[in-house]
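Please look through the sequence and the model below before reading on. The paragraphs that follow begin with one residue and its surroundings, then turn to the chain as a whole, its aromatic rings and some details of its backbone.

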Amino acid sequence: MIALPAFRTLLIAAIASGLSFGATRAADEFDLSPQQPGRLHVARNEAAIAAIPKDFKFVTPGKFTIAVSPGGPPLSTYATDAKTVVGADPDYAYAIADSLGLTLEIVPVAWIDWPLGLTSGKYDAVISNVGVTEQRKEKFDFFTYRQGLHGIFVKSDSPVASIKEPKDAAGLRIVVGAGTNQERILVKWSEQDVAAGLKPIELQYYDDEATSLLALQSGRADVIVQPHAQLVFIAARDKNIKRVGTLSAGWPDRSDVAITTRKGSGLADALTVATNGLIKDGTYAKILDHWHLSEEALPTSETNPPGLPKY
């Protein structure tokens with residue numbers, strides 16, 4: 001019998017090997033090359049250009065400078081050259097820049113640094129999976145471009161077929177990140193289940209992604225709930241989990257992801273017009289479909305919609 005510490009070492013090595021192999025397989029579905037031959041380009045949107053305030057000054061004349069945090073595919077990550085930022089958010093940013101008749105300039109930043117960089121004028125906007133919250137609206141303007149979704153995934157051979165509401169999750173063992181918004185929501189789901197005479201949800205917490213996925217595959221957990229886009233990529237990479245539902249980040253209300261601009265700059269309205277133009281001509285849907293994120297599509301873009309409340 002292998003001693004427990006040795007077994008754990010072997011197990012972690014096996015997981016790492018599997019993830020590396022899975023990343024290669026994911027390349028079959030996600031193009032992470034710096035060239036991005038499938039990227040769409042669009043014509044100028046004169047209505048969007050006319051909506052830019054006459055006194056607005058772009059960081060660099062003729063360019064739309066945006067900050068992106070390369071947090072991981074399919075939203076944004078470094079390409080295979082380790083320096084070019086690619087993903088759904090950059091592709092969308094290119095389409096917006098085309099609509100405004102500008103050249104796109106991407107500034108990679110750490111996610112925690114975007115607020116200071118935006119207020120200090122280092123870039124015109126932030127396109128980096130920023131959710132709209134009432135607290136953030138006090139300092140920034142927003143216009144929406146995706147739904148804020150958490151993914152609900154299970155093993156590919158799981159008997160769980162669909163999770164849409166609290167009763168569907170009653171009694172299940174769910175892996176979730178501690179202190180996250182999805183944890184807050186699932187705690188409320190569990191409370192509703194108990195109040196209805198159903199079994200509570202058992203929440204499980206692990207230190208990293210590999211251990212969380214192992215818990216799911218080994219049968220110690222039934223479900224994993226994480227940001228939807230992350231799980232979409234993992235499903236393509238590992239080929240052993242499937243989506244059985246999605247959960248709004250603002251449950252029971254909808255909460256959206258938005259491009260962020262400086263408060264009062266006036267640029268948000270022009271970007272909303274540009275986004276609605278991309279929705280109308282089909283470019284928007286094609287970009288999301290290219291990165292397997294069609295579930296996150298919005299019917300229309302809004303400037304400064306209701307955001308998540310302060311908790």
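In what follows, two residues are said to be in contact when heavy atoms of theirs lie within 4.5 Å. With that in mind, and remembering that this is a predicted model, one can begin with Thr300, which is found in the segment after α11. Leaving aside its neighbours within four places in sequence, Thr300 touches Thr144, Asn276 and Ile279. Its relative accessibility is 36%, so Thr300 counts as partly exposed. A distance can be added to this picture: between the C-alpha atoms of Thr300 and Val160 there are 32 Å in space, while the two residues are 140 residues apart in sequence.

A second starting point is Asp208, whose place is in the loop between β9 (202-204) and α8 (209-218). Asp208 is partly exposed as well, with a relative accessible area of 37%. From Asp208 to Ile127, which are 81 residues apart along the chain, the C-alpha atoms are separated by 26 Å.

How many helices and strands does the protein chain have? There are 11 helices and 12 strands in the protein chain. The radius of gyration of the chain is 21 Å, close to the 19 Å that the globule rule gives for 311 residues, and the chain is therefore as compact as a globular protein of that length. Measures along the principal axes add to this, for the C-alpha trace spans about 70 × 45 × 35 Å. Of the 311 residues, 48% count as buried, and the chain exposes about 14,700 Å², of which carbon and sulfur atoms supply 56%. Contacts in the protein chain with a separation of 6 or more can also be sorted by their distance in sequence, and residues 24 or more positions apart account for 78% of them. As for charge, the protein chain has 31 positive and 35 negative charges, and the mean positions of the two groups are 1 Å apart.

The aromatic rings come next. A pair of such rings is described by the distance of the centres and the angle of the planes. Rings whose centres lie within 6.5 Å count as a pair, and by this rule the count comes to 7 aromatic pairs. In one of these pairs, the rings of Phe30 and Trp291 have their centres 6.1 Å apart and their planes at 20 degrees; because planes under 30 degrees apart count as stacked, this pair is stacked. The pair links distant parts of the chain, since Phe30 belongs to the loop between α1 (4-26) and α2 (46-50), whereas Trp291 belongs to the segment after α11 (283-290), 261 residues away. Both Phe30 and Trp291 are buried.

Another pair, Phe56 and Phe58, has its ring centres 4.8 Å apart and its planes at 80 degrees, so this pair is edge-to-face. Phe56 has a relative accessibility of 11% and therefore counts as buried, and Phe58, at 16%, counts as buried too. Which residues do ring pairs link into a cluster with Phe30? Phe233 and Trp291 are joined with Phe30 in this way.

The backbone holds some further details. Most residues other than glycine have a negative phi, and most peptide bonds are trans. Against that background, the peptide bond that joins Pro73 and Pro74 is cis, with omega about 5 degrees, and Pro74 is found in the loop between β1 (63-68) and β2 (77-78). The bond from Trp251 to Pro252 is also cis, with omega near 10 degrees, and Pro252 lies in the loop between β11 (241-248) and β12 (256-262).

Positive phi values can be seen in the segment after α11, where His292 is found. The phi of His292 is near 60 degrees, a positive value in a residue other than glycine, and His292 is partly exposed, with a relative accessible area of 29%. Asn304, also found in the segment after α11, has a positive phi of about 45 degrees although it is not a glycine. With a relative accessible area of 27%, Asn304 is partly exposed.

Key. Residues numbered from 1 in each chain as written. Predicted model: local features only at pLDDT ≥ 70, side-chain atom pairs only at ≥ 80, totals over all residues. Heavy atoms only, no water. Phe/Tyr/Trp six-rings, centres within 6.5 Å; stacked < 30°, edge-to-face > 60°. Helix = DSSP H or I, 4+ residues; strand = E, 2+ residues; numbered from the N terminus. Buried < 20%, exposed > 50% of the residue type's maximum accessible area, 1.4 Å probe, protein only. Rg over C-alpha atoms; globule rule 2.2 N^0.38 Å. Areas by Shrake-Rupley, 256 points an atom, 1.4 Å probe, with all protein chains shown as cover. Lys, Arg positive; Asp, Glu negative; His and termini not counted. Charge placed at Lys NZ, Arg CZ, Asp CG, Glu CD.
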